[in-house]
Amino acid sequence: MSRTLRKAVENAKQKKESEINLVEEGIAHLEEVPELFILHNLTKLCLSHNKITELPPEIVELRSLEYLNLFNNHLEDLPSTISALPRLRELNLA
């Protein structure tokens, strides 16, 4: 994981931030950001303009997530677990 990604996730974890912005970070796989899925208080996650091809089933661990922006990635499919996000209000897949 790049220093920028590590710092963003670590800051969100330490400060209990509810939003994280990982736009244009060159992320191809969310496994590159393993600690992302322990941020249970996260309500807004912006991952637009990356190279993500697959959304892992672990996305369901983000129970408080309300807004998920995956605009301009390379997604072809979504895991069925995404429907288990109880607070998800907005999903941008454009």
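**E24, the parallel sheet and the core**

Biologist: In which loop is the place of E24?
Modeller: This is a predicted model. Two strands flank the residue: β1 covers 19-21 and β2 covers 44-46. E24 therefore sits in the loop between β1 and β2.

Biologist: What is the phi of E24?
Modeller: E24 is not a glycine. Even so, its phi is positive, at about 55 degrees.

Biologist: Is E24 buried or exposed?
Modeller: The cut-off for exposed is over 50% relative accessible area. E24 has 60% relative accessibility, so this residue counts as exposed.

Biologist: Where is N72 found, and what is its phi?
Modeller: N72 is in the loop between β3 (67-69) and β4 (90-92). N72 is not a glycine either. Its phi is positive, at about 60 degrees.

Biologist: Which class of exposure does N72 fall into?
Modeller: Its relative accessible area is 40%. Buried needs under 20% and exposed needs over 50%. N72 falls in between, so the class is partly exposed.

Biologist: Is S48 buried or exposed?
Modeller: S48 lies in the loop between β2 and β3. Its relative accessible area is 7%. The limit for buried is under 20%, so S48 is buried.

Biologist: Which residues is S48 in contact with, leaving aside neighbours within four places in sequence?
Modeller: E24 is one of them. That residue belongs to the loop between β1 and β2, whereas S48 belongs to the loop between β2 and β3. The full set for S48 is L22, V23, E24, N69, L70, F71 and N73.

Biologist: How many helices and strands does the protein chain have, and in what order do they run?
Modeller: The count is 1 helix and 4 strands. From the N terminus on, the order is α-β-β-β-β.

Biologist: Which strands stand at the edges of the sheet?
Modeller: The 4 strands form an open sheet with parallel pairing, in the order β1-β2-β3-β4. Two of them have a single partner strand each, so one side of each lacks a neighbour in the sheet. These edge strands are β1 and β4.

Biologist: Which residue in β2 is the bridge partner of E19?
Modeller: β1 and β2 pair in the parallel sense over 3 bridges. The β2 partner of E19 is K44.

Biologist: Which element gives the most to the largest nonpolar core?
Modeller: That core has 23 residues. Those with the most contacts inside it are I20, I27, L30, L36, L45, L47 and L68. The biggest contribution is 3 residues, and it comes from helix α1 (residues 3-15).

Biologist: Which residues does I20 touch, not counting those up to four places away in sequence?
Modeller: I20 is among the residues with the most contacts inside the core. Its list includes A8, V9 and A12, and helix α1 spans residues 3-15. In full, I20 touches A8, V9, A12, L36, L39, L42, K44, L45 and C46.

Biologist: What radius of gyration does the protein chain have?
Modeller: The C-alpha atoms fill a box of roughly 30 × 25 × 20 Å along the principal axes. With 94 residues, a compact globule would be near 12 Å. The chain agrees, with a radius of gyration of 12 Å.

Biologist: What share of the accessible surface belongs to carbon and sulfur atoms?
Modeller: Of the 94 residues, 35% count as buried. The accessible surface of the chain comes to about 5500 Å². The carbon and sulfur share is 45%.

Notes: Residues numbered from 1 in each chain as written. Predicted model: local features only at pLDDT ≥ 70, side-chain atom pairs only at ≥ 80, totals over all residues. Heavy atoms only, no water. Buried < 20%, exposed > 50% of the residue type's maximum accessible area, 1.4 Å probe, protein only. Pairing = 2+ DSSP bridges. Contact = heavy atoms within 4.5 Å. Rg over C-alpha atoms; globule rule 2.2 N^0.38 Å. Areas by Shrake-Rupley, 256 points an atom, 1.4 Å probe, with all protein chains shown as cover. Core = buried A, V, L, I, M, F, W, Y, C linked by side-chain atoms within 4.5 Å.
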